[in-house]
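Trainee: Got a minute? I'd like to go through this one with you.
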Amino acid sequence: MILPNLAIIGAQWGDEGKGKITDYLDETADLVVRFQGGNNAGHTITVGERVFKLHSLPSGVVRKGNLAVIGNGVVMNVDDLLEEMEQVLSAGGSLEGLRISDRAHLIFNYHKKLDGAEEKYRGSDAVGTTKKGIGPAYQDKIARIGVRAGDLLDDELLKEKVDFILPYKKDLMSMLDAEVCGCECGMLLDKMRKWREKIGGYICDTSVLINEALDNGKKVLFEGAQGAMLDIDHGTYPYVTSSATCGGGICTGAGIAPKRIEKVVGCLKAYTTRVGEGPFVTELHGKEADALQKKGGEFGVTTGRGRRCGWLDLVVAEHASRMCGFTSFAITKLDVLNDYDELPVCVAYKIDGKETKYFPASISKLERAEPVYKTMKGWKGWNDTASVVKGGYGALPKEMRTYIEFIENHMNVPADIISIGPDRADTIDRKKNWWV
Ligand code: IMP
């Protein structure tokens, strides 16, 4: 039986425009599930006049009638989540469909302080994290000392955990010369009891919910955060985030079996960006980089940091596709590339004189890698996006279609969605029925 489910995963280093694509596809979904990451993610969703900036909430929460699930693989900063919930409510949205996994781990202030201190300790080897406490929260999960959302419902267990964890964290913070966290056991417990009042009603076993939805033929959309190249195993380690961002992360982070995943949409920006440190073979520098950054509005939703920019890298996209099993691409921000005379696309790396199409694990090899480019012809832009969208794929400039088809042929993955502007409406959908 074909299950009507769909996953969306970033094919680069995040910020590929997944929020918009998820929002476009979840129009017809019954359930939207976040399965990893935390409030290090940032989605800007434009619905008519309203702009939502979401970090922890699944994009689907914006749409009434959807169930929006924060899965067990997510780490959650409850104070930030509450602010986002307020934002949605004050914009006239609804939280009726929100569900939070009882197995999702919580981020505390001490995680944030430790994130900053660890980065400082690394000095020139700093990862360039979002300083949201993501890494330290996942460290606690793996070390088996994390606090989970479900623990909020058990006062005795909470007290036991806080009494054990807080002195330990304080020792660690003083060892690392971290900023003072200012939390005491009693204060933290009071805070968590307030969290329970506000979010306790949303907490449940979301794995059961998702599996039952799949059994009943509901349309389930799995929404990835960050991108494949930031995966803890398959990304540019150690310049990665601390979660499993690739296809396998859906199973562990949502609590479903591998055989239940049907289709995976790779969200591929028409050029490349990354935030923070780490190798980036097709990176541009100087005026060219600044121009692309400005044209693409490449500034982080979460940190406001300027994103590093460069040309499209198909060595990266192929690596991501191997790890995620893309069945479609959604190519985004093609309009940002309007009016270039030429567009280089990287098809291989040259490392120590040898050409390869495989993305190496070694950071030092990546630092020595030179991009091998195929140069494509650029295209002129248009004045009226609505009429281009109305005209469909054939109405796109010929050179843009050649660029898209080059990617499709090279990757052997169809570009089923073409995004040529930030609004939900600025989208050409070549597949239409996503759920069969
Ligand atoms: P962390 O996730 O805050 O630990 O940061 C680790 C790395 O992942 C840093 O390079 C961040 O800039 C990057 N990162 C984390 N979340 C995102 C995201 O949503 N988009 C792009 N980069 C991200």
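Mentor: Sure. One term before we start: Ala, Val, Leu, Ile, Met, Phe, Trp, Tyr, Cys and Pro count as nonpolar, Asp, Glu, Lys and Arg as charged, and the others, Gly among them, as polar. Also, this is a predicted model.

Trainee: OK. How do the residues of the shell around the ligand divide?
Mentor: There are 6 nonpolar, 7 polar and 2 charged residues in that shell.

Trainee: Which of the 15 residues come nearest?
Mentor: Asp15, Asn40, Thr130, Thr241 and Arg305 do.

Trainee: What does the side chain of Thr241 do there?
Mentor: One of its N or O atoms sits 2.6 Å from an oxygen atom of the ligand. The protein covers 96% of the 470 Å² of accessible area that the ligand has on its own.

Trainee: And Gln226, what is its side chain close to?
Mentor: A nitrogen atom of the ligand, 3.3 Å from a side-chain N or O atom of Gln226. Gly128 uses its backbone instead: an N or O atom there lies 3.4 Å from a ligand oxygen.

Trainee: New topic. Which domains is the chain divided into?
Mentor: Domain 1 covers 5-102 + 205-269 + 315-333 + 381-429, and domain 2 covers 105-201. Each of them gives at least three residues to the ligand shell.

Trainee: How far apart are the C-alpha centres?
Mentor: They lie 28 Å apart. The contact takes 25 residues from domain 1 and 21 from domain 2.

Trainee: How much area do the two bury between them?
Mentor: About 1,800 Å², with 61% of it on carbon and sulfur atoms.

Trainee: How many salt bridges cross that interface?
Mentor: The rule finds 1. Polar contacts link 8 residue pairs between the domains.

Terms used: Residues numbered from 1 in each chain as written. Predicted model: local features only at pLDDT ≥ 70, side-chain atom pairs only at ≥ 80, totals over all residues. Heavy atoms only, no water. Near = heavy atom within 4 Å. Polar contact = N/O pair within 3.5 Å; in protein donor to acceptor, adjacent residues only side chain to side chain. Areas by Shrake-Rupley, 256 points an atom, 1.4 Å probe, with all protein chains shown as cover. Domains from an automatic or database assignment. Contact = heavy atoms within 4.5 Å. Buried area = accessible area lost by both parts, 1.4 Å probe. Salt bridge = Lys/Arg side-chain N within 4 Å of Asp/Glu carboxyl O.
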